[in-house]
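Q: I have a protein-DNA model open and would like to go through it with you. Could we begin with the surface facing the nucleic acid?

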Amino acid sequence: MKFADLGLSPEVLKAVEETGYESPTPIQEKAIPYVLMGRDVLGTAQTGTGKTASFTLPMIDILASGQAKARMPRSLILEPTRELAAQVADNFENYGKYSKLSMALLIGGMSFSDQDAKLDKGVDVLIATPGRLLDHVERGKVLLNGVKTLVIDEADRMMDMGFIPDVERIVSLLPPLRQTLFFSATMSKEMRKLADMFLLNPKEVAVSLPTSTAATVTQGLLMVQKSEKRPALRKLLQQEKVKNAFIFCNRKKDVDILLGSLTKHGFNAGGLHGDMSQSHRMETLDKFKSGEIKLLVCSDVAARGIDVSSVSHVFNFDVPTHSEDYIHRIGRTGRAGQEGHAYTIVTKSETKYLDGIQKLVGRELPIITLEGMEEVVKEGAAISEREKKPGRGPRRGQRRSDEGASSAKSAQKETAPDEKKQSSRPSKKYEKNAEKGNNDRSSRSHHANDEPDTPVIGLGENIPAFFKIPLRKSAGK
DNA sequence: AAAAAAT
């Protein structure tokens, strides 16, 4: 089967050819003819199966005839995360380069004015996350009654994230006479019920078991103590032939901590989670895709659908509590039949989640051993030793930078001791402010001197002037 | 228990 047999236009075929693809994937082969016919499609497929192109390619042809009116997009694609939305936009841009299409990407964290300008000119394709789209709708910047093709992508994730009410509201604004494509990685009863609400006599297409992990991915578990996690990960990173890797944490806070630790130890790493600024998120992801950054420490925002070609490793720094997330996370590696490696670091308290995971992947995962585990144990012991006895010595300082102040041995080996002090000081941004505060104070010194000079605890020496304004008694405790 | 998404 070739792309040319699917009924796509020469413009689209040319763009596909230039990207080097020759044969459609199973989902593309099954879905594209029906999408071109104008049928509704209920698709069960994970990302990495070529799902995105299975709707972008035919949509480009469907939209080729006709013209968009101002603020009335002709098609709408809903995605659960900003990264996925951006990825779909890239896809359109790439395959639509010979078919003049206008497109707008409506996601949070980016300026309204650019998005408004595009909407005003009229767009053929609108790609959006639900929140930002509704924002535009409420401000009257976009009318959805001209949408003839709707794509609900990653519907199961939308459900997990509580987006369904938003999606329902959006769909209620659409004309009932339209084509709808509904994709989900899993097809539970709940999903079917939801699909029934949105679809009319859909053609069902499914590829590969949703719970299957690629056979080319080598998996393993590494059992350690809690305090040994970071040293163990470093050892793993050194021992494995890591070209590039996703490193998943369960919490955003831990992403920050681990990223700091890895960077301190000289690893080329970046971080990605939902509390980072959108520009930073995009920049980091681009750098990771281009290979400028080798390790991406991330939350589950990156677990699904993010498509980075040839990722050699996935490390679970924490065991995912939802077993499906395990499948999604390790699905970042071993894509398109390539080899991949997925290692999960497990502590005693996390073993309870392993059962569900092993049931889902249908086998027991092998426990791997680490060369030089003695060293890891030693480092781990040093870390936990200090965490147990914060009473000795100056409490605050020591507690703060956990492993930064880890065993003297490892610190000497890999890090300059000075760096640690810096890390527990306020960020540069604050230091700048503090300087300003200082100058301010000196220029109006009589003011500051009028106040009783109560020491401010925990801010070091550079205290912004306004912090020294005396507080009411109630706040002072 | 946490992450994602609108500010």
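Q: How do the residues of the surface near DNA strand B divide into nonpolar, polar and charged?
A: This is a predicted model. In it, the surface near DNA strand B has ten polar, seven charged and four nonpolar residues.

Q: Which residues are the closest to DNA strand B?
A: Thr129, Arg132, Lys252, Gly274 and Ser299 are the closest of the 21 residues that surround the strand.

Q: And which helix gives the most to that surface?
A: Helix H6, residues 130-138, gives the most, with four residues.

Q: What does the side chain of arginine 132 reach on the DNA?
A: An N or O atom in the side chain of arginine 132 is 2.4 Å from a phosphate oxygen of DNA strand B. Threonine 129 also has a side-chain N or O atom by a phosphate oxygen of this strand, at 2.6 Å.

Q: What about the backbone of asparagine 250?
A: One of the backbone N or O atoms of asparagine 250 lies 3.3 Å from a sugar or linking oxygen of DNA strand B.

Q: Taking the DNA atoms within 4 Å of the protein, what share belongs to sugar or phosphate?
A: Sugar or phosphate accounts for 74% of those atoms of DNA strand B, and bases for the rest.

Q: Changing topic to the protein interior: which residues touch the most other members of the largest nonpolar core?
A: They are Leu8, Phe55, Leu57, Ile77, Phe92 and Ile127, in a core of 33 residues. Two or more core residues come from each of helices H1 (10-18), H2 (26-37), H3 (51-64) and H4 (82-95), and from each of strands S4 (125-128) and S6 (179-184). H3 supplies the largest share, six residues.

Q: What does isoleucine 127 touch, leaving out residues up to four places away in sequence?
A: Isoleucine 127 touches Ile77, Ala85, Val88, Ala89, Phe92, Met103, Ala104, Leu105 and Leu106.

Q: Where do Val123 and Met191 belong?
A: Both are in another core, of 32 residues, which lies apart from the largest one and also includes Val142 and Ile152.

Q: Now chain A as a whole: how many helices and strands?
A: Chain A has 21 helices and 13 strands. Of its 477 residues, 48% are buried.

Q: What share of the contacts with a separation of 6 or more joins residues 24 or more positions apart?
A: In chain A that share is 75%.

Q: And how much surface does chain A expose?
A: Chain A exposes about 24600 Å², of which carbon and sulfur atoms supply 52%.

Key: Residues are numbered from 1 along each chain as its sequence is written. Chains are lettered from A and ligands numbered from 1 in the order in which they are written. This is a predicted model: local features need pLDDT of at least 70, side-chain atom pairs count only at pLDDT 80 or more; totals for chains, interfaces and linings use all residues. Side-chain values use heavy atoms; hydrogens and water are left out. A nonpolar core is a set of buried Ala, Val, Leu, Ile, Met, Phe, Trp, Tyr and Cys residues joined through side-chain atoms within 4.5 Å. Buried means under 20% relative accessible area, exposed over 50%, partly exposed in between (1.4 Å probe, protein chains only). Contact means heavy atoms within 4.5 Å. Accessible areas come from the Shrake-Rupley method with a 1.4 Å probe; for residues, only the protein chains shown count as cover. A residue is near a molecule or strand if one of its heavy atoms lies within 4 Å of it. A polar contact is a pair of N or O atoms within 3.5 Å; within protein, one must be able to donate a hydrogen and the other to accept it, and residues adjacent in sequence count only if both atoms are side-chain atoms. Ala, Val, Leu, Ile, Met, Phe, Trp, Tyr, Cys and Pro count as nonpolar, Asp, Glu, Lys and Arg as charged, and the others, Gly among them, as polar.
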